[in-house]
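Colleague: I have a model open and would like to go through the sheets, the helix bend and the cavities. Can you take my questions as they come?

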Amino acid sequence: MTGTPGPVPISTKQLELTQRATEITQGAFTTLAHFIDLAWLREAYRRTRKDSASGVDGQTAADYERHLEENLAALLDRFKSGRYRAPPVRRVYIPKADGKRLRPIGIPTLEDKVLQRAVVMLLEPIYEVQFSDASYGFRPRRSAHHALEAVWRGTMGHPNGWLIELDIESFFDNVDHETLQSLVARRVGDGVVRRIIGKWLNAGVMEEGRLSHSTRGTPQGGVISPLLANIYLHEVLDRWFEEDVLPRLKSHGFVVRYADDAVLGFAREDDALRVYAVLEKRFAKFGLKLHPEKTRLVEFKRPTVSERPRGGPGNSRSFDFLGFTHFWARTRKGGWAVKRKTAKNRLSRALVSIKQWCRRYRHEPVAWQHTQLSRKLRGHYAYYGITGNGRTLARFLRAVERIWRNWLARRSGRAKLLWSRFKAFLKRYPLPPVKVVHSVRLSQSLP
């Protein structure tokens, strides 16, 4: 007697989508919504962060889980029937990298996050086949460190080059809805999926009790926003550079993009100048504007044998990308290599954050402070701990020790905490030593 076959695993469904997208490189998929069922929503809920801030409805994960199956079943029914109404996102502000300005973040409701995650799980296999190898942000099995490695390979492989450091001004606020919808329509023909994306784009923003709508922008903080951003910038930059720019260059060129940050490399100055001259017009075609101060052309040639190193941070031969300053420097064997160190603004921001934290929690138990500071240091090393950045990491550790010492002294009312006494204190509560985490070239691990 044959039993009833069990449900098809989600990974199998995604593999099917990948295979279909590989075979059908042109045209849109007209039937996609049927992939999303109750099991799919359960998995989407599992992948949704439960500890993040709540949206406009104030609902928490604990509230939603009290009737999880009923809630997911109702969500599925509203999604399939087209009765789902996308709620507005709640706008909050977080400090930017310079610590002076604020970045707007949109917080969807928990249920909206779950449905957005489900749609991302549906569309990701289709678009991963299409996306460029030069794109690294918000993609499976790719990270900022893979993008840094790609830039290192590009600059080391063709040392007599020029770079365009590209920065898009307020990208997420200026994505044109109509253009984005037309780009999505090239691969997604399913009306249910298309309509839900349109509802998210038009849901609006709630700020201090006021609801506003716009024909531009996709909120940072939305689960689906990174995928939509990659769809948009794939057309604006990646595909254009690979299909239109590269064939017209007189020599080698490359592009590396992580979300809305990118570096374009060229072996010849004339190639770089020609592309630099048309970049603004290319982005304006899609309603985007390049930052006039942060977008620049950089000479990034390997120094000659007799030349003194002129590629340190702040020099015209250096550039910043993903929190690191890249520059030419001598190797131990006397040659030249591209080295990377924590960018000055990122280092300052990290230390300001540590100072504010120590001030806020200066009266907490020392053992608890030690545990929390150790976690913060390990997190810093996890990102900035790359080969060649040891000195800057050591500076960061010493600065953290000084900040901690100063606030420990203040909590006791003393004017000073002598270094001799503090060093003895650090033996009992040692902070994690500098650790280079990314010492192996990551290019070998890329898919």
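Modeller: What follows is a chat about this predicted model.

Colleague: Start with the antiparallel sheet. What order do the strands come in?

Modeller: The order is 6-7-3-8, in an open sheet of 4 strands with antiparallel pairing. Strand 6 and strand 8 (296-301) are at the edges with a single partner strand each, so one side of each has no neighbour in the sheet. On average, neighbouring strands of this sheet are turned by 20° against each other, direction ignored.

Colleague: What holds strands in a sheet together in general?

Modeller: Strands pair through backbone hydrogen bonds, either parallel or antiparallel.

Colleague: Back to strand 7. How many bridges join strand 6 to strand 7?

Modeller: There are 6 bridges between strand 6 (residues 253-258) and strand 7, and the two run antiparallel. Gly 253 has Phe 266 of strand 7 as its bridge partner, and Tyr 258 has Asp 261 of strand 7.

Colleague: And how many bridges does strand 7 have with strand 3?

Modeller: Strand 3 (residues 160-167) pairs with strand 7 over 6 bridges, in the antiparallel sense. One of the bridge partners in strand 7 is Ala 262, which pairs with Leu 166.

Colleague: Why is strand 7 largely enclosed?

Modeller: Strand 7 (residues 261-266) has 5 of its 6 residues buried, so the rest of the structure largely encloses it. Buried here means under 20% relative accessible area.

Colleague: What about the turn between strand 6 and strand 7, which residue has a positive phi there?

Modeller: Ala 259, with a phi near 55°. The hairpin has 2 residues between the strands.

Colleague: Changing topic: how many cavities of 30 Å³ or more are there?

Modeller: The structure holds 2 of that size. The largest cavity has about 60 Å³ of space, and the second largest has about 40 Å³.

Colleague: Which elements supply at least two residues each to the lining of the largest one?

Modeller: Helix 6 (144-157), strand 3 and strand 7 each do. Strand 3 gives the largest share, 3 residues. The lining includes Gly 161, Trp 162 and Leu 163, and Gly 265 and Phe 266 are also among the lining residues.

Colleague: Wait, Phe 266 came up before, didn't it?

Modeller: Phe 266 is the strand 7 bridge partner of Gly 253, and Phe 266 also lines the largest cavity.

Colleague: How many charged residues are in that lining?

Modeller: There are no charged residues in the lining of the largest cavity, which has 6 nonpolar and 5 polar ones. The lining of the second largest cavity has 4 nonpolar, 1 polar and 2 charged residues.

Colleague: Where does the largest share of that second lining come from?

Modeller: From helix 9 (residues 191-201), with 4 residues. The lining residues include Arg 195 and Lys 199, along with Phe 79 and Tyr 84.

Colleague: Now the sheet with mixed pairing. What is its order?

Modeller: The order is 2-1-4-5, in an open sheet of 4 strands. Strand 2 (102-107) and strand 5 (210-212) are at the edges with a single partner strand each, so one side of each lacks a neighbour in the sheet. The twist from one strand to the next averages 40°. Strand 1 (residues 89-95) and strand 4 (residues 205-207) run parallel and are joined by 2 bridges. Val 89 is opposite Val 205 of strand 4.

Colleague: Last one, where does helix 10 bend?

Modeller: Helix 10 (residues 225-245) bends at His 234, by about 55°. The helix is mostly covered, with 17 of its 21 residues buried.

Terms used:
Residues numbered from 1 in each chain as written. Predicted model: local features only at pLDDT ≥ 70, side-chain atom pairs only at ≥ 80, totals over all residues. Heavy atoms only, no water. Buried < 20%, exposed > 50% of the residue type's maximum accessible area, 1.4 Å probe, protein only. Pairing = 2+ DSSP bridges. 1 Å grid on protein atoms, 1.4 Å probe; cavity = no way out; pocket = protein on both sides within 12 Å on 5 of 7 lines; lining within 4 Å. Points joined across faces, edges and corners; volume = space filled by probe spheres on them. Nonpolar A, V, L, I, M, F, W, Y, C, P; charged D, E, K, R; others polar. Axes fitted to C-alpha atoms, helices over the stretch in contact; angles between N-to-C directions. Bend = angle between axes of the 7 residues up to and from the residue.
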